[in-house]
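Here are some exercises to work through with the structure open beside you. Try each task before reading its solution.

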Amino acid sequence: METKETVRIAVSGIKGGTGKSTIAMLLGTVAREYFDKKVCLVDCDIPQAALSNQKKSEELFFLNHPEIRDGIIERRFPKPKFIEPLPLLVLKDLSQESIIKIEEEHDEYDLFIYDTKGSEGEPSFFLTLTSMDYIILPLILDNINTRSSYMWIKGMKYALSLSGCGERNKGILALFNKYISGDTDQIILREWWEKTAEEESVQILKSELHNSAFIEKNISTIKSGNDVFFQSVSIAPDEGVLSLTNAIAVVKDVMEFVDGGRVNVSDALTESPKNLVQPTPTTEASVLNLIDAQVQILNNISEKIRTGNILVSQLKIAEQIVKDIDFGPLETLLSDLPSRD
């Protein structure tokens with residue numbers, strides 16, 4: 001009898017607070033909703049139990065507030081295909097034996113996503129991770145997280161090099177999380193990571209997960225008429241949120257690995273990052289081009305609102321962004337410039 005092929009993805013890293021659980025939820029719900037994967041989440045982070053707690057809170061909240069769940073589904077376009085929570089297993093002892101046992105007992109799933117706890121650096125943990133197909137490492141672009149993540153890669157790479165280890169592993173996938181486009185410090189660290197990743201044979205995902213103040217992380221904060229939420233094991237994020245955070249592109253990048261095998265690291269790194277700001281000389285033409293581009297975006301949003309061709313969540317996000325635009329400093333700057341006349 002032919003054994004069904006399954007894919008194992010671990011979301012891991014040495015530090016807590018880098019977004020591992022949120023990324024596991026995101027990957028699971030979007031892979032199920034948009035890529036037709038039969039997903040099972042595995043909560044290995046027993047001290048925090050973020051996935052387990054999230055599932056319990058969602059089930060309880062929607063049980064007590066069915067009208068909010070129904071309202072979310074009704075307003076979504078297109079309608080979500082899945083509204084029930086993702087299957088979730090709890091694994092107190094992450095080992096190669098327990099991983100194999102889970103797959104044998106739950107062969108109805110083809111994608112297992114393991115959410116591991118942070119602050120793990122002992123050899124036994126690294127050895128267990130070598131049995132994963134892919135390991136997603138969230139990277140926060142600051143000096144504190146960079147050093148610890150680099151040391152984690154060194155430990156993981158050593159474990160994969162040991163005899164009998166890593167035969168199934170197809171690569172470490174580094175994901176820039178909480179990315180802020182145009183942030184100078186992050187751009188510098190990103191360039192360093194791209195060079196380091198090539199040296200360490202680590203694949204950096206082409207897309208990054210953007211930082212956003214509009215993301216709700218607790219299902220209980222969802223109010224009637226507002227379905228802008230990100231962290232969920234039940235319903236895939238609203239399309240406005242997916243667009244705002246670049247989440248759909250991130251999951252698509254991961255699914256390309258899952259469905260197409262490993263991408264050559266050196267080839268992938270020759271592609272220009274989509275959101276990397278390239279320094280250009282400041283000229284009148286460049287400033288005018290920048291202004292024209294921003295005006296075009298505002299005009300496009302205005303047209304969508306006038307024609308009603310916009311999601312409720314997108315409208316609320318656009319409203320907040322426009323409110324936050326502050327032209328005061330620019331007006332002050334221009335008022336102080338001497339006239340050319």
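Everything below refers to a predicted model.

**Exercise 1. Helix α1**

Task: find how many of the residues of α1 are buried, and compare the reach of the helix with the expected value.

Solution.
- Step 1. Start with the covering: 14 of the 16 residues in α1 are buried, so the helix is mostly covered, given that buried means under 20% relative accessible area.
- Step 2. Next, look at the two ends. From first C-alpha to last, α1 reaches 21 Å, close to the 22 Å expected at 1.5 Å a residue.
- Step 3. Finally, step past the end of the helix. Asp36 follows α1 and has a positive phi, near 55°.

**Exercise 2. Strand β4 and its neighbours**

Task: work out which strands pair with β4 and in what sense, and say which way its side chains point.

Solution.
- Step 1. Locate β4 at residues 111-115; five of its five residues are buried.
- Step 2. Sort the residues by direction. Leu111, Ile113 and Asp115 point one way, while Phe112 and Tyr114 point the other way, and all are buried.
- Step 3. Take the pairing with β1: the two strands run in the parallel sense over five bridges. Here Arg8 has Phe112 of β4 as its bridge partner.
- Step 4. Take the pairing with β2, which is also parallel and has five bridges with β4. In this case Leu41 has Ile113 of β4 as its bridge partner.

**Exercise 3. The surroundings of Phe112**

Task: decide whether Phe112 is buried or exposed, and list what it touches.

Solution.
- Step 1. Phe112 is found in strand β4. Its relative accessible area is 0%, so Phe112 is buried.
- Step 2. Leave out residues up to four places away in sequence. Phe112 then touches Thr6, Val7, Arg8, Ile9, Cys40, Val42, Ile102, Glu103 and His106.
- Step 3. Choose one of these contacts, Val42. Phe112 and Val42 are 70 residues apart in sequence, yet 7.0 Å apart in space from C-alpha to C-alpha.

**Exercise 4. Salt bridges across the chain**

Task: from the 14 salt bridges found in the whole structure, examine the pairs Arg8 with Glu103, Asp259 with Lys37, and Glu208 with Arg190.

Solution.
- Step 1. Arg8 and Glu103 form a salt bridge whose closest N and O atoms are 2.5 Å apart. The pair links distant parts of the chain, with Arg8 in strand β1 and Glu103 in helix α4, 95 residues apart. Both Arg8 and Glu103 are buried.
- Step 2. Asp259 and Lys37 meet at 2.6 Å, N to O. Asp259 sits in helix α9 and Lys37 in the loop between α1 and β2, 222 residues apart. What is the burial state of each partner? Asp259 is exposed, because its relative accessible area is 53%, whereas Lys37 is buried, because its value is 16%.
- Step 3. Glu208 and Arg190 meet at 2.8 Å, N to O. Glu208 lies in the loop between β7 and α8, and Arg190 in helix α7, 18 residues apart. At 0% relative accessibility Glu208 counts as buried, and at 1% so does Arg190.
- Step 4. Now look for shared partners. Asp133, Arg168 and Lys170 are joined into one network by salt bridges that share partners.

**Exercise 5. Aromatic rings**

Task: classify the ring pair of Phe126 and Trp152, then find the residue that lies over the face of Tyr179.

Solution.
- Step 1. A search of the whole structure finds eight aromatic pairs. In the pair of Phe126 and Trp152, the ring centres are 6.0 Å apart and the planes stand at 70°.
- Step 2. Apply the cut-off: planes over 60 degrees apart count as edge-to-face, so this pair is edge-to-face.
- Step 3. Place the rings in the fold. Phe126 is in helix α5 and Trp152 in helix α6, 26 residues apart. Both Phe126 and Trp152 are buried.
- Step 4. Extend the group: Phe125, Phe126 and Trp152 form one aromatic cluster.
- Step 5. Turn to Tyr179. Arg190 lies over the face of its ring, 5.1 Å from the ring centre. Arg190 is also the salt-bridge partner of Glu208 from Exercise 4.

How values were computed. Residues numbered from 1 in each chain as written. Predicted model: local features only at pLDDT ≥ 70, side-chain atom pairs only at ≥ 80, totals over all residues. Heavy atoms only, no water. Salt bridge = Lys/Arg side-chain N within 4 Å of Asp/Glu carboxyl O. Helix = DSSP H or I, 4+ residues; strand = E, 2+ residues; numbered from the N terminus. Buried < 20%, exposed > 50% of the residue type's maximum accessible area, 1.4 Å probe, protein only. Expected span 1.5 Å × (residues − 1). Pairing = 2+ DSSP bridges. Contact = heavy atoms within 4.5 Å. Phe/Tyr/Trp six-rings, centres within 6.5 Å; stacked < 30°, edge-to-face > 60°. Lys NZ or Arg CZ within 6 Å of the ring centre and 35° of its normal.
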